[in-house]
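Trainee: I would like a close look at a single part of this model. Please take one strand and work outward from there.

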Amino acid sequence: MVFDFETGAPVRDLGWVHDGRCGVLAWNPETRTLTTGSRDSCIWDLDLRCPGFPKTALRSKHTQEVCGLAWSPDGRTLASGGNENLLCLWDARCSRPEPRVASKAHAAAVKAIAWSPDKRSLLATGGGTLDQTVKLWNASSGAVLESKATGTQVTGLAWSKDTGQLLSSHGFSQNQLCVWRWDAAKRSLDKLIEMRKHTARVLALAQSPDFSRVASVGSDEVLMIWSVFDARADAGRGALVGKHRDVRRWDPVFAGGAGLR
């Protein structure tokens with residue numbers, strides 16, 4: 001379902017697109033098409049400006065649920081992660097339904113995916129419980145630049161602007177958030193700070209458009225707003241600037257902007 005954010009009114013029902021649950025969405029920043037991934041293992045590009053049947057492209061390399069999607073900042077490359085441990089890189093300009101990179105470098109599901117806003121070909125991915133690594137990729141060549149063991153499931157990733165800092169969120173068994181610094185010259189990913197405010201698995205991250213704030217939500221039913229990135233590349237803030245409990249009732253749009261009720 002697609003909603004008008006200002007009014008909260010539904011404007012498009014897309015329930016017929018997939019044959020299974022749709023767990024991941026990604027907007028292409030250039031074409032403004034919506035990309036969806038599903039338990040049916042398919043990825044669709046949807047042009048919502050088209051009436052009736054908005055499907056424009058199908059990608060079907062995955063054999064299990066698609067659990068991660070992210071478009072590069074220039075809208076030219078789509079990264080997808082699957083429950084079968086597969087990472088795919090797709091060229092938006094190519095009509096062939098085959099990825100130009102398909103890698104099983106991770107040993108578990110690839111849910112966490114984030115493109116650097118500064119380095120055109122720098123991609124970060126995170127693996128599930130049986131993998132527990134953050135990997136940095138050269139998306140142009142498909143080469144792994146660094147693989148960092150975190151000791152816990154990686155559930156989300158978010159890059160800073162300009163400083164090369166990367167935020168990771170985690171589930172079983174640590175439930176923490178970590179800020180890392182990527183040193184491209186040394187090809188080293190070093191941990192700066194660790195934050196343990198959630199009391200259960202961190203499920204997802206969402207970043208503000210100016211990259212200054214990150215929201216984390218956990219299975220502890222708490223939404224937290226963070227100021228985590230420092231202007232210095234060798235430091236991280238880790239400041240908690242907002243906290244909202246019982247996120248099942250966090251409904252700022254459809255409750256008329258009431259927020260917590």
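Mentor: Start with strand S7, residues 66-71, in this predicted model. S7 is mostly covered, and 6 of its 6 residues are buried. Its partner is strand S8, residues 77-82. The two pair in the antiparallel sense, over 5 bridges. For a landmark in the pairing, take Trp 71, which stands opposite Leu 78 in S8. In a regular strand, side chains alternate between the two faces of the sheet.

Now follow the chain out of S7. S7 and S8 form a hairpin, with 5 residues between them. Gly 75 sits in that turn and has a positive phi of about 70°.

Next, the record. UniProt, in an unreviewed entry, lists "repeat: WD" at residues 59-91, 103-147 and 195-228. Over residues 59-91 the chain is 55% strand and 0% helix. The end C-alpha atoms of that stretch are 11 Å apart. Over residues 195-228 the chain is 56% strand and 0% helix. There the end C-alpha atoms are 10 Å apart.

S7 also leads to the largest pocket. S7 supplies at least two residues of the lining. So do strands S3 (22-27), S11 (110-115), S15 (154-159), S19 (202-207) and S20 (214-218). The pocket holds about 1600 Å³ of space. Its lining counts 38 residues. Leu 25, Leu 69, Leu 205, Ala 206 and Gln 207 lie nearest the centre. By class, the lining has 29 nonpolar, 7 polar and 2 charged residues.

Two of the pocket strands, S19 and S20, flank a loop that deserves a look. Phe 211 lies in the loop between S19 and S20. Phe 211 has a positive phi of about 70°, although it is not a glycine. Most residues other than glycine have a negative phi. Phe 211 is partly exposed, because its relative accessible area is 24% and the partly exposed class runs between 20% and 50%.

Go one loop further. Glu 221 is found between S20 and strand S21 (222-229). Glu 221 is not a glycine either, yet has a positive phi of about 65°. Its relative accessible area is 29%, so Glu 221 is partly exposed too.

Another backbone feature lies earlier in the chain. Ser 173 is found in the loop between strand S16 (165-170) and strand S17 (177-183). A cis peptide bond joins Phe 172 and Ser 173, with omega about 10°. Most peptide bonds are trans.

Now the loop that runs into S15, another of the pocket strands. Thr 152 is found in the loop between strand S14 (143-149) and S15. Thr 152 is buried, because its relative accessible area is 0%. Thr 152 and Thr 129 are 23 residues apart along the chain. Their C-alpha atoms are separated by 6.4 Å.

Finish with a polar pair. Ser 188 lies in strand S18, residues 188-195. The side chains of Ser 188 and Asp 190 are joined by a polar contact of 2.9 Å. Ser 188 has a relative accessible area of 17%, so it counts as buried under the 20% cut-off.

To retrace the path: S7 pairs with S8, and S7 helps line the largest pocket. From there, look again at the loop that holds Phe 211, between S19 and S20.

Conventions
Residues are numbered from 1 along each chain as its sequence is written. This is a predicted model: local features need pLDDT of at least 70, side-chain atom pairs count only at pLDDT 80 or more; totals for chains, interfaces and linings use all residues. Side-chain values use heavy atoms; hydrogens and water are left out. Buried means under 20% relative accessible area, exposed over 50%, partly exposed in between (1.4 Å probe, protein chains only). Helices (H or I, at least four residues) and strands (E, at least two) are DSSP runs, numbered from the N terminus. Two strands pair if DSSP finds at least two bridges between them. UniProt positions are given in the numbering used here, feature names are shortened, and annotations may be inferred rather than shown by experiment. On a 1 Å grid over the protein atoms alone, a cavity is a set of points where a 1.4 Å probe fits but cannot get out, and a pocket is an open set with protein on both sides within 12 Å along at least five of seven lines; lining residues have an atom within 4 Å of a point. Grid points are joined across faces, edges and corners, and a volume is the space filled by probe spheres set on the points. Ala, Val, Leu, Ile, Met, Phe, Trp, Tyr, Cys and Pro count as nonpolar, Asp, Glu, Lys and Arg as charged, and the others, Gly among them, as polar. A polar contact is a pair of N or O atoms within 3.5 Å; within protein, one must be able to donate a hydrogen and the other to accept it, and residues adjacent in sequence count only if both atoms are side-chain atoms.
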